[in-house]
Structure formats: structure tokens, C-alpha cells
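Here's a quick tour of one protein model and the small molecule bound to it. Have a look at it first, then read on.

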Amino acid sequence: MSDYDLIIIGGGPAGMTAGLYAARANMKVVLFETKGTGGELNNTDLIEDWPGEESITGFELGEKMRKHAEKFGLAIEISGVKQVWSEGDRKVVELANGTRHSAYAVIVSAGGEPIKLGVPGEQELHGKGVSYCAVCDGAFFRNMDLAVIGGGDSAFQEGLFLTRFAKKLYVVHRRNDFRAQNILQTRLLGMDKVEAVTPAVVTRIGGNGEVKWIEVDRDGKIEKVPVEGVFIFIGFKPVGRHLFTKEHIEHDPNGYLITDQYMRTSIPGVYAVGDTRAQLAKQITTAVGDATTAVLHAERYIEELKHAERAFPEAPREEMPRVAQRMEPVRVEAGQTVVRQGDVSDAFYIVVRGRLGVFKREDDGNERQVNTLGTGEFFGEIGLLAQAPRVASVRALEPSELLRLDQDAFKELVSVSAATRDQLDKVARERLAANSRR
Ligand code: NAP
């Protein structure tokens with residue numbers, strides 16, 4: 001089993017951006033993609049809403065993104081992913097060929113697949129006139145009458161592409177209003193060879209081994225529209241959720257993975273970005289933004305996980321992702337007090353960088369320094385374990401970075417791991433004894 005910092009699942013714009021950022025940050029990273037990189041870009045003819053490129057084909061943009069990520073050392077492997085699960089402090093990714101890989105974090109950028117109409121003839125005539133990709137199949141339908149089904153951006157964008165080949169193009173939609181952007185509507189519906197068929201619900205696709213017609217229900221009236229190609233664009237079904245068969249991952253009613261603002265899913269160490277994530281806009285620009293956020297957070301998460309493991313060597317590894325997920329970074333300036341003697345003990349701290357002094361106020365009111373803490377050391381356990389106020393103050397001696405674990409997360413950890421409780425108890429006893437000797 002090869003071991004990585006980060007595994008990226010899916011090679012669309014989101015996955016390739018995640019790969020670019022991770023490889024450039026020197027993370028040990030691999031990207032698995034089922035078919036070939038590009039994702040939905042390969043199903044899109046012209047892209048006009050990618051800043052800096054007034055007009056570029058989807059394929060060209062995908063290739064540019066791939067080359068850019070590979071220039072920074074991203075390893076791309078063409079291999080389908082079967083499933084993903086947590087094991088200890090790692091995520092295991094099993095490929096369709098049975099090989100397994102592990103990583104501290106996984107970014108799911110698996111996109112989705114087209115939704116099917118579910119009418120008689122659709123499945124039987126798939127590849128024989130029924131298509132879900134105008135860019136891939138449009139050229140086979142030169143000078144033929146065609147139909148696009150759907151009223152969204154995809155139907156209109158792909159419809160525009162199909163006008164290059166179609167003798168006549170019907171835009172068949174179940175309502176009179178289209179949800180596609182106005183600019184796309186004006187362009188497509190303004191063409192002489194384009195005719196809107198609305199409101200029209202497709203009830204059947206038929207022919208003689210190849211598509212020859214579609215049957216539509218127009219307010220109760222059944223009509224046949226003669227066409228030789230039917231291009232269906234009625235939305236998209238995310239696939240990321242199906243990779244998680246062994247543990248629950250939160251998703252919305254349509255199967256889109258739910259994330260927070262850092263693209264974290266409900267499984268610590270698993271991020272979701274792009275079209276597989278529950279969000280407002282399925283755009284290339286938002287997908288690459290998601291991916292950037294996810295990688296920057298994943299780097300932080302991995303560092304926090306390693307710090308947590310050093311601080312709690314006795315804790316079960318499977319607890320560590322949850323602990324790391326609940327750690328908050330804290331920056332303090334020189335002279336800043338982090339905890340104050342006598343205050344309520346509400347958190348545990350690990351020193352990531354810097355130096356802090358531990359100060360104890362004596363009965364005579366004078367304060368003296370009893371300890372110095374540096375990188376990798378921790379504080380705050382005495383009050384938390386005893387459920388008592390802070391026994392000393394901790395002040396930064398230089399600008400420092402800490403990780404803060406709140407008392408609830410701390411309590412949960414020591415309740416599931418007696419060995420961790422014993423380890424921290426021992427440290428607490430030794431520190432108290434050293435304080436009283438000084
Ligand atoms: P979409 O926006 O969800 O539109 C799906 C269309 O199919 C809707 O018009 C819907 O009708 C219709 N539909 C859904 N189920 C149907 C059924 N069972 N039978 C018949 N019609 C059905 O999907 P999309 O067009 O694939 O776009 C997906 C996302 O990608 C959107 O967020 C879109 O903005 C984005 N996108 C953007 C661009 C771009 O140029 N920036 C290009 C492509 C896609 P109703 O309207 O009646 O619900």
C-alpha cells in the first residue's frame with residue numbers, strides 16, 4: 001500500500017487545481033482519474049466564462065490545466081476509485097483494480113454523471129442516436145434533425161454547439177420558461193434553424209434500431225417529433241457519495257456532499273470540491289476556488305494531526321482525525337497571556353512554534369517563572385484533568401503559534417483513552433512537583 005499526504009479523486013478542473021496546489025506545496029500527492037483528465041471540460045465545446053480566456057475550448061483548457069499541474073510534479077494515474085474508508089489516522093483509497101493507497105487526507109473532486117430521462121427507448125438507443133455529450137457525438141449528426149432536451153445552461157450551451165451540424169434543432173423543455181442564462185437563450189433561440197418545443201414532456205424515444213423520433217406530451221396532447229439524434233441535458237447526479245460505502249458521509253437529498261467553508265465533509269480528513277459538493281454554482285471558477293481552499297486546509301489539518309499525535313502518543317490512532325479536526329490555530333504576540341492563573345480551565349494547548357513562559361504567583365503576590373515551553377510541548381492539562389482553575393499563567397516570550405483544543409474535545413479524548421489520561425496525569429504530577437520544589 002503506498003502512502004501519501006493527500007489523494008485527489010477526480011481529474012476535472014477542481015481535481016487538477018487541487019493537484020497543482022498540493023504538488024507546488026511539496027506534498028506527497030497523487031490524483032486518480034477514471035477516464036482521462038478534464039472532466040466536464042471535455043463535454044463542453046466553448047468556454048467563455050474563464051477569466052483571462054475570452055474563448056477557449058473545454059479540451060484545450062483541460063490540457064492547459066493538466067500540463068500546469070504536472071509541471072509542478074503532480075502524479076496522475078488513470079484508474080477508477082472503488083471506495084474510500086478511514087483506517088486509524090489514514091484514509092484508504094481502493095482502486096477498481098484492487099490496489100490500495102493511503103493518505104492523511106482525501107479530496108473528492110469526482111464530479112458526477114448525467115441524469116437520465118428514464119423513458120422507453122432511452123437506454124436501448126444510447127449510442128444509436130441518444131447522447132449525453134454534444135461535443136463528443138455532435139459531428140456524427142451532420143445535416144440531421146436533432147433535439148436537445150432540457151432548459152438549463154447545459155442544454156443551451158450544448159445546443160449552440162449542435163447548431164454547427166444540425167439541419168434543424170428542437171429545444172424540448174417541460175416548461176415554457178427556461179432556466180438557462182439569458183445570453184445563451186438569446187443566442188440559441190434567435191437562430192432560424194432552432195425551434196423551441198414547450199411545454200413538452202418526453203415520453204418515449206423510438207426508431208428502427210436508431211433514433212427516428214421522440215414522443216412528447218404537450219399539455220395532454222401526444223405528438224411525435226421526427227429527429228435522428230436526441231441530446232439529453234436534464235441535470236447532473238453527483239458521484240462522490242457512492243465512494244463511501246463503509247461509513248456515513250453527510251449529503252443533501254440529491255446526493256451532493258455537504259461541506260463547511262473549508263470544504264471539510266463530515267468525515268475528518270475528507271474534503272469535497274466542485275460539482276460533487278452541495279453548492280449554488282457549478283462553474284469552473286467556483287470549482288477551482290473550492291479546490292484551493294481544500295488544499296490549504298488539508299495542509300493545515302495534516303500538520304495538526306501530526307502535532308496531536310506527538311502530544312497524545314498513547315491515544316488510539318482512529319481518534320486523532322477527530323481531535324485534529326477540532327483543533328483551532330492560535331497566534332500570540334510576545335508578552336501576550338494565553339492562560340491566566342485562577343481562570344477557568346477551558347482548553348488544552350500545543351506549542352507549534354515559539355517559546356512561552358509558565359509563571360506562578362506566590363502567596364507574597366510576586367510572580368516567578370517556573371517553566372519554559374517550546375515547540376512540541378503542551379500545557380493546560382493540569383486544570384482540565386483536575387477540573388480546577390488554572391494553577392499558573394502562560395505568557396508568550398516571543399511570537400508563537402499554538403493549537404487550541406477545547407475542553408469538550410479534550411474530555412472526550414481522555415474518556416476514550418485511559419492510556420492518554422495516565423500519560424497526561426503523569427505529566428501533570430511531575431509539573432506540580434517541580435513547581436513546588438522551585
Ligand atoms: P440544470 O441547471 O439543473 O437544468 C436541468 C434542466 O433539465 C432544467 O431546465 C430542468 O427543468 C430540466 N429537467 C430536469 N429533470 C427533468 C426531467 N426529468 N425531464 C425533463 N426535463 C428535466 O442542469 P444543467 O443545465 O446540466 O446545469 C448544471 C449546472 O451547471 C448549473 O448550475 C449550470 O448553471 C451549470 N452550467 C453552467 C454553464 C456555463 O456556461 N456557465 C454551462 C453548463 C452548465 P426545470 O427548469 O423545469 O427544472
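What follows covers the ligand site, two sheets and a couple of backbone oddities.

This is a predicted model, in which local features need pLDDT of at least 70, side-chain atom pairs count only at pLDDT 80 or more, and totals for chains, interfaces and linings use all residues. Numbering starts from 1 along each chain as its sequence is written, and side-chain values use heavy atoms, with hydrogens and water left out.

**The ligand site**

Let's start with the ligand: 18 residues surround it, and the closest are Asp49, Asp153, Gln157, Arg175 and Arg179. To be near the ligand, a residue needs a heavy atom within 4 Å of it. What sort of residues make up the shell around the ligand, by class? Three are nonpolar, nine polar and six charged. Here Ala, Val, Leu, Ile, Met, Phe, Trp, Tyr, Cys and Pro count as nonpolar, Asp, Glu, Lys and Arg as charged, and the others, Gly among them, as polar.

The shell draws at least three residues from each of domain 1 (2–113 + 236–311) and domain 2 (130–232); those bounds come from an automatic or database domain assignment.

Three polar contacts to the ligand (pairs of N or O atoms within 3.5 Å) are listed here:

| Residue | Protein atom | Ligand atom | Distance |
|---|---|---|---|
| Asp49 | polar side-chain atom | nitrogen | 2.8 Å |
| Gly152 | backbone N or O | oxygen | 3.4 Å |
| Arg179 | side-chain N or O | oxygen | 2.6 Å |

Taken alone, the ligand exposes 920 Å², and the protein buries 75% of that. The areas come from the Shrake-Rupley method with a 1.4 Å probe.

**Two open sheets**

Strands here are DSSP runs (E, at least two residues) and helices likewise (H or I, at least four), numbered from the N terminus. Two strands pair if DSSP finds at least two bridges between them.

One open sheet has four strands in the order E21-E26-E23-E24, paired antiparallel. Strand E21 (337–339) and strand E24 (367–374) sit at the edges with a single partner strand each, so one side of each is left without a neighbour in the sheet. On average, neighbouring strands of this sheet are turned by 30° against each other, direction ignored; the axes are lines fitted to C-alpha atoms. E21 is joined to strand E26 (residues 393–396) by two bridges, and Thr337 has Arg395 as its bridge partner in E26.

The other open sheet has three strands, ordered E14-E15-E16 and antiparallel. E14 and strand E16 (221–226) are its edge strands, each pairing on one side only. The average turn between its neighbouring strands is 25°, direction ignored. Six bridges link strand E15 (residues 211–218) to E16, and Glu215 is partnered by Lys224 in E16.

**Backbone oddities**

Most residues other than glycine have a negative phi, and most peptide bonds are trans. Asn26 has a positive phi of about 65° although it is not a glycine; Asn26 lies in the loop between helix H1 (13–24) and strand E2 (29–33). The peptide bond from Thr198 to Pro199 is cis, with omega near -20°. Pro199 is found in the loop between strand E13 (194–197) and strand E14 (201–207).

Note on methods
Polar contact = N/O pair within 3.5 Å; in protein donor to acceptor, adjacent residues only side chain to side chain. Axes fitted to C-alpha atoms, helices over the stretch in contact; angles between N-to-C directions.
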